[in-house]
Amino acid sequence: MSQALKAEEERATPMMAQYLAIKRAHEGYLLFYRMGDFYELFFDDAVQASAALDIALTKRGKHQGADIPMCGVPVHSAESYLHTLIAKGFKVAVCEQTEDPAEAKKRGGKAVVARDVKRIVTPGTLTEDELLDARRHNYLAAVARVGGTVGLAWADMSDGGFHVCAVDDATLGHALARIEPAELLVPDALTNDEAIAALVKDLGPRATLWPAIKFDSTAGERAIKAQFKVAALDAFGAFSRAEIAAAGAVLAYLELTQKGKLPALAPPRQESERRYMGIDAATRRNLELVETLSGERNGSLLATIDRTATSAGGRELGERMLSPLTDVASIAARLDGVGYFVSNRAARDALRAALRRAPDMARALARLSVGRGGPRDLGALRDALAVALSLHEIVGRGATAIAPPAGEVKGALATLDAQLKTVRALAEKLARLLGPDLPLFARDGGFVAVGQHRQLDELRALRDDARRVIVELEGRLKAETGIGSLKVRHNNVLGYHIDITTTNSEKLKTTETGRAFIHRQTTAQAQRYTNSELSELASKIADAGGQALALETQLFDEMVADVAQVSLALNEIAQAMAVLDVSAALAEYAVETRCVRPEIDGSLAFRIERGRHPVVEAALARANEGFVANDCDLSPEGAGRLWLVTGPNMAGKSTFLRQNALIAILAQMGAFVPAASAAIGVVDRLFSRVGAADDLARGRSTFMVEMVETAVILNQATERSLVILDEIGRGTATFDGLSIAWAAAEHLHGRTKSRALFATHYHELTALAQRHKGIANVTVRVKEWHGGIVFLHEVAPGAADRSYGIQVAKLAGLPGEVLARAQEVLDALERGDMGRRTQTLIDELPLFSAARAKTPVAVASQVEAELKALALDEMSPREALDALYRLKALAAKDG
């Protein structure tokens, strides 16, 4: 393609030659080519973009005898189109005009305005609020393999976070599921690596293949040192070569896409996957942690508990939910912080009220650092810093010597105290210089406060007074010429001019003032003139306005430079405010929903008293219904570390399984939990096999998907893991499914020794409780009532002897004849032995016998008629006994 473009370039018009040259340098990207007020796309780019954006595909001239396909989007609304293209997997190179068209004309009539790509937009390199989810991180990640080590690095250029981690093939998937990168850089040399290739396939357009040379660890080390201005990396951690290679690739990609303007990143923070609860992608999806199975935020666990007051707090809360901790001390520090706000309502309410006034400082800083910020971003820093300066007093409100700020709250306040000293001068400067009403762009001017810069005030006064003088001039000219309709106007072509209707133009010759007018332009309705006084005044206005804008632009650049000098401190302040927000928000949720502080330790305990499913409980509360709480004890000293859960469909088995998994996540992310009490030994990995669907893209049936997920659990779970399994063995023959479920339960009990909840409709499995100590049977209770069932949603010891499938089918609205036929088949199966239930069943219950059974008309039997006729209140005991015998005889006769 490059050679073809080069050949076309040589035969193209000057403008098209410029376009083709820029396009050749940015193959693989849609090229937004700036032409005036539009970004235009040509050739294949136009065809793809018009289809993706649903906009008209037109044509512009010819190239090599063929029409040139073209489409375009307005510059002022380009962000929304970029959002659509990025969401659909495209990457876009934005090409801007780099000189004024007037300058190009000076070089000759056919000279082309100079243009260059100023930015490359990809899923992992977004900074604009319009393109981002305010409450979700937008990570650019990179994976590298050096020798037998795999390194992972990820950065959110929209808020400055930067992390590295060493992983192996087994934990790489868990780490990526936890990070949820918007874009993953993969060395093209690793496409044949089995583990990496599978990830690339899963990520689809989010995976970007990049030349392997960009992942060189030596170059990566140089890039990290240069970015953070250090001579050695020891202060950041003992990085492996793979981690350095991945981190270097992230920095190189950011430099490429931002055209040399690297964002304000925090130094790389080294992490260990062992620090976090391992949760694979399937488990995260099944438990609907941050989004539902349909891809929506509403209805997820995150949406249910989120009470954060700021966008940064929302991102921090989401990250904690995706990355529950395994270190007891770190969890306790988070719980201490939440506990402080639970017990101190005055501080909690005051903090949340203050934080609601705080803009998103981290994202404003990111835009300023890459040259895409404006006065409003400086204003966001000013307002956020003003809030930050008040937080220590607010958080301490109501505190006593007995209950001072604790845990993470204490640490966040210490960070604020230390870093605010560094940025206090900046905060004061921004508060002094910036006005109340700020424009989006610095080029619009008017953002420096009046009275804060003497020279600027003088230029503004000259500009504004001159405009007032123009109004005075217009009045004087009207009087001197006798033309009442005379106007002094302004446009971008003529500048200031005198506008007189054509019918009045002859009057100019009758006055001395009029005869001094110089003709500029004739239109259909008016004549346009100037004079020496107006020309001189216009020049003063232009000079004063231009000088004022140039000075304001200079002041803006100085403030941005001041911000860059303290960017690391600003990032730490933003993070500390997010931590305070999360602690207070989790306390607010805990108080609202009667949550309790969990006891977390290093044991194998898992004891939940009256636990509740937070999402289901919230949904029921909106309908003014209550949730039935249940206990769960998988501790070594309890009834069993593996519970076999039986009961009918719709009784609440899956809810019970999920709620205990969610309670474990909430506890280890540092939140209070919906229960009367909770004691949990740290869970190293959480596995969930709840529900399954076809994976057509990989050629996997529902049963195959279920077996793959089960295999992962049985191969990776440990005694410190928590496993929830629902309906293992469905989707295949009954004996096959029962056998697999039986063997899986025995493996979990005898080999992995995990704490586990195992829901099943194979009632034969309940025999395992008699064969193995440590396996317990529990059932979700129901009550039969008038031929139907009532779900009690109570989990109690014991085993269900039936699944009530037909009753549930009746509730679902299956036709009456289908239900009747199903009952006949069920009765026949339950009467006969298992060996004769095939051909014999077909013979005894022919397929179309159900067709005979139209909905039956209810006819009262003789027993019912006799029973209704009894006057029980008027009968003696002897008469009642005689009636009972008579009814019995009639029943035997009817039978």
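**Exercise 1. Gln-270 and its partners**

Task: Find which backbone atom the side chain of Gln-270 reaches, and at what distance. Then place Gln-270 in its surroundings in this predicted model.

Solution.
- Step 1. The side chain of Gln-270 reaches the backbone oxygen of Ala-238, at 3.2 Å.
- Step 2. Look for a side-chain partner as well. Gln-270 and Glu-243 are joined side chain to side chain by a polar contact of 3.1 Å.
- Step 3. Locate the residue. Gln-270 sits in strand E12, residues 269-272.
- Step 4. List what Gln-270 touches beyond four places in sequence: Val-164, Phe-236, Gly-237, Ala-238, Phe-239 and Glu-243.
- Step 5. Check a long-range pair. Gln-270 and His-163 are 107 residues apart along the chain, yet their C-alpha atoms are separated by 5.9 Å.
- Step 6. Classify the exposure. The relative accessible area of Gln-270 is 32%. Partly exposed covers the range between under 20% and over 50%, so Gln-270 is partly exposed.

**Exercise 2. Lys-59**

Task: Decide whether Lys-59 is buried or exposed, and name the partner of its side chain in a polar contact.

Solution.
- Step 1. Lys-59 belongs to strand E3, which spans residues 58-63.
- Step 2. Its relative accessible area is 57%. The cut-off for exposed is over 50%, so Lys-59 is exposed.
- Step 3. Leave out residues up to four places away in sequence. Lys-59 then touches Asp-67, Ile-68, Pro-69 and Met-70.
- Step 4. Of these, take Asp-67: its side chain makes a polar contact of 3.4 Å with the side chain of Lys-59.
- Step 5. For scale, compare a remote residue. Ala-865 is 806 residues from Lys-59 along the chain, with 87 Å between the C-alpha atoms.

**Exercise 3. Thr-760 and Val-780**

Task: Classify Thr-760 and Val-780 as buried or exposed, then work out which residues each one contacts.

Solution.
- Step 1. Thr-760 is in the loop between strand E25 (755-759) and helix H26 (768-771). Val-780 is in strand E26, residues 775-785.
- Step 2. Buried means under 20% relative accessible area. Thr-760 has 1%, so it counts as buried. Val-780 has 3%, so it counts as buried.
- Step 3. Beyond four places in sequence, Thr-760 contacts Val-645, Thr-646, Lys-653, Glu-727 and Leu-765.
- Step 4. With the same kind of exclusion, Val-780 touches a list that includes Val-645, Thr-646 and Lys-653. Also among its contacts are His-793, Glu-794 and Val-795.
- Step 5. Compare the lists. Val-645, Thr-646 and Lys-653 appear in both.
- Step 6. Add the close pairs. The side chain of Thr-760 reaches the backbone nitrogen of Tyr-762 at 2.9 Å. Val-780 and Glu-794, 14 residues apart in sequence, are 5.4 Å apart from C-alpha to C-alpha.

**Exercise 4. Three helix pairs**

Task: Sort the pairs H8 with H9, H13 with H17 and H14 with H16 by orientation, then describe each contact.

Solution.
- Step 1. Take H8 (217-228) and H9 (241-257). The angle is about 60 degrees and the axes are 7 Å apart. H8 and H9 are therefore oblique. Their crossing is left-handed. From H8 the contact includes Ala-223 and Ile-224; from H9 it includes Ile-244 and Leu-251. By class it has 6 nonpolar, 5 polar and 2 charged residues.
- Step 2. Take H13 (328-343) and H17 (407-433). The angle is about 90 degrees, with the axes 4 Å apart. H13 and H17 are therefore roughly perpendicular. Gly-407, Glu-408 and Val-409 of H17 meet Ala-333, Arg-334, Asp-336, Gly-337, Tyr-340 and Phe-341 of H13. This contact of H13 with H17 has 4 nonpolar, 2 polar and 3 charged residues.
- Step 3. Take H14 (345-355) and H16 (375-395). The angle is about 175 degrees and the axes lie 9 Å apart. H14 and H16 are therefore roughly antiparallel. H14 gives Ala-347, Ala-350, Leu-351, Ala-354 and Leu-355; H16 gives Val-387, Leu-391, Ile-394 and Val-395. The division is 9 nonpolar, no polar and no charged.

**Exercise 5. Backbone phi**

Task: State what is unusual about the phi of Phe-43 and of Lys-229, and say where each residue lies.

Solution.
- Step 1. Recall the background. Most residues other than glycine have a negative phi.
- Step 2. Phe-43 has a positive phi of about 55 degrees, though not a glycine. Lys-229 also has a positive phi of about 55 degrees and is not a glycine.
- Step 3. Phe-43 lies in helix H3, residues 43-53. Lys-229 lies in the loop between H8 and H9.
- Step 4. Lys-229 is exposed, at 73% relative accessible area.

Note on methods
Residues numbered from 1 in each chain as written. Predicted model: local features only at pLDDT ≥ 70, side-chain atom pairs only at ≥ 80, totals over all residues. Heavy atoms only, no water. Axes fitted to C-alpha atoms, helices over the stretch in contact; angles between N-to-C directions. Helix = DSSP H or I, 4+ residues; strand = E, 2+ residues; numbered from the N terminus. Parallel < 35°, antiparallel > 145°, perpendicular 65-115°, else oblique. Left-handed = near helix turned anticlockwise from the far one by under 90°. Contact = heavy atoms within 4.5 Å. Nonpolar A, V, L, I, M, F, W, Y, C, P; charged D, E, K, R; others polar. Buried < 20%, exposed > 50% of the residue type's maximum accessible area, 1.4 Å probe, protein only. Polar contact = N/O pair within 3.5 Å; in protein donor to acceptor, adjacent residues only side chain to side chain.
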